[in-house]
Amino acid sequence: MSAPDRIEPAIERWLHALHALGEPMFVQAAFAEGAVLERYGWDDDPRPKEVFQGHTAIAQWLGRCPVGFRFAAGAAESRDGGHHVPYSVTLDDFRNQGRWRVILADDGRIQTLEHHPTPLPEPEIP
């Protein structure tokens with residue numbers, strides 16, 4: 001199976017896990033055993049803010065997400081050993097975007113996912 005054929009279903013499974021707020025069956029379908037998810041911040045710090053390893057830890061993080069948010073993924077670009085996937089996220093009047101860097105396991109599930117949100121704008125001061 002070619003890279004685009006493998007990454008698209010992997011991202012679909014990831015979106016299901018996100019929108020199901022970490023429901024274990026969706027996390028297990030999306031992530032390989034021992035998978036790692038790194039969450040980066042809305043700043044320019046190159047280090048992850050949090051690291052989650054394994055199905056249970058990833059599911060717990062997703063369970064913290066607010067109800068009602070929606071993620072959408074753009075077209076993946078394969079480079080430097082991973083797949084870079086732009087995303088957008090909405091919740092009520094909140095809008096942002098970012099990118100995921102994804103490395104797939106041999107079985108097509110996600111082995112590593114880096115979650116990189118776009119920095120938030122500076123708040124307006126009246």
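Here are some short exercises on the pockets and salt bridges of this predicted model, each with a worked solution.

**Exercise 1. Find which residues lie nearest the centre of the largest pocket, and say which class of residue its lining holds.**

Step 1. Start with the space itself: the largest pocket holds about 380 Å³.

Step 2. Look at the lining, which is made of 18 residues; W42, C65, P66, F71 and H115 lie nearest the centre.

Step 3. Sort the lining by class: 13 residues are nonpolar, 2 are polar and 3 are charged.

Step 4. Now trace the lining back to the strands. β5 (82-91), β6 (94-104) and β7 (110-117) each give at least two residues, and β5 has the largest share, with 3 residues.

**Exercise 2. Work out which element gives the most to the lining of the second largest pocket.**

Step 1. Locate the pocket: its volume is about 160 Å³, and I7, E8, G74, A75 and A76 are the residues nearest its centre, out of 14 in the lining.

Step 2. List the elements that supply at least two lining residues each: α1 (3-19), β4 (77-79) and β5.

Step 3. Pick the top contributor: α1, with 6 residues.

Step 4. Finish with the classes: 8 nonpolar, 3 polar and 3 charged residues make up this lining.

**Exercise 3. Decide whether R39 is buried or exposed, and find its salt-bridge partner.**

Step 1. Recall the general idea: side chains of opposite charge can pair when their charged atoms come close.

Step 2. Find the partner: R39 pairs with E50, and their closest N and O atoms are 2.7 Å apart.

Step 3. Place both residues in the chain. R39 sits in strand β1 (residues 31-39) and E50 in strand β2 (residues 50-53), 11 residues apart, so the pair links distant parts of the chain.

Step 4. Check the accessibility: R39 has a value of 18%, and buried means under 20%, so R39 is buried.

**Exercise 4. Describe the salt bridge between K49 and D45, and name the network around it.**

Step 1. Read the distance: the closest N and O atoms of K49 and D45 are 3.5 Å apart. The cut-off is 4 Å, so the pair counts as a salt bridge.

Step 2. Compare each accessibility with the limits of 20% and 50%. K49, at 36%, is partly exposed, and D45, at 22%, is partly exposed too.

Step 3. Widen the view: salt bridges link D43, D45, R47 and K49 in a network.

Step 4. End with the total: the model has 9 salt bridges. Another of these joins R109 and D107, at 2.9 Å from N to O.

Key. Residues numbered from 1 in each chain as written. Predicted model: local features only at pLDDT ≥ 70, side-chain atom pairs only at ≥ 80, totals over all residues. Heavy atoms only, no water. 1 Å grid on protein atoms, 1.4 Å probe; cavity = no way out; pocket = protein on both sides within 12 Å on 5 of 7 lines; lining within 4 Å. Points joined across faces, edges and corners; volume = space filled by probe spheres on them. Helix = DSSP H or I, 4+ residues; strand = E, 2+ residues; numbered from the N terminus. Nonpolar A, V, L, I, M, F, W, Y, C, P; charged D, E, K, R; others polar. Salt bridge = Lys/Arg side-chain N within 4 Å of Asp/Glu carboxyl O. Buried < 20%, exposed > 50% of the residue type's maximum accessible area, 1.4 Å probe, protein only.
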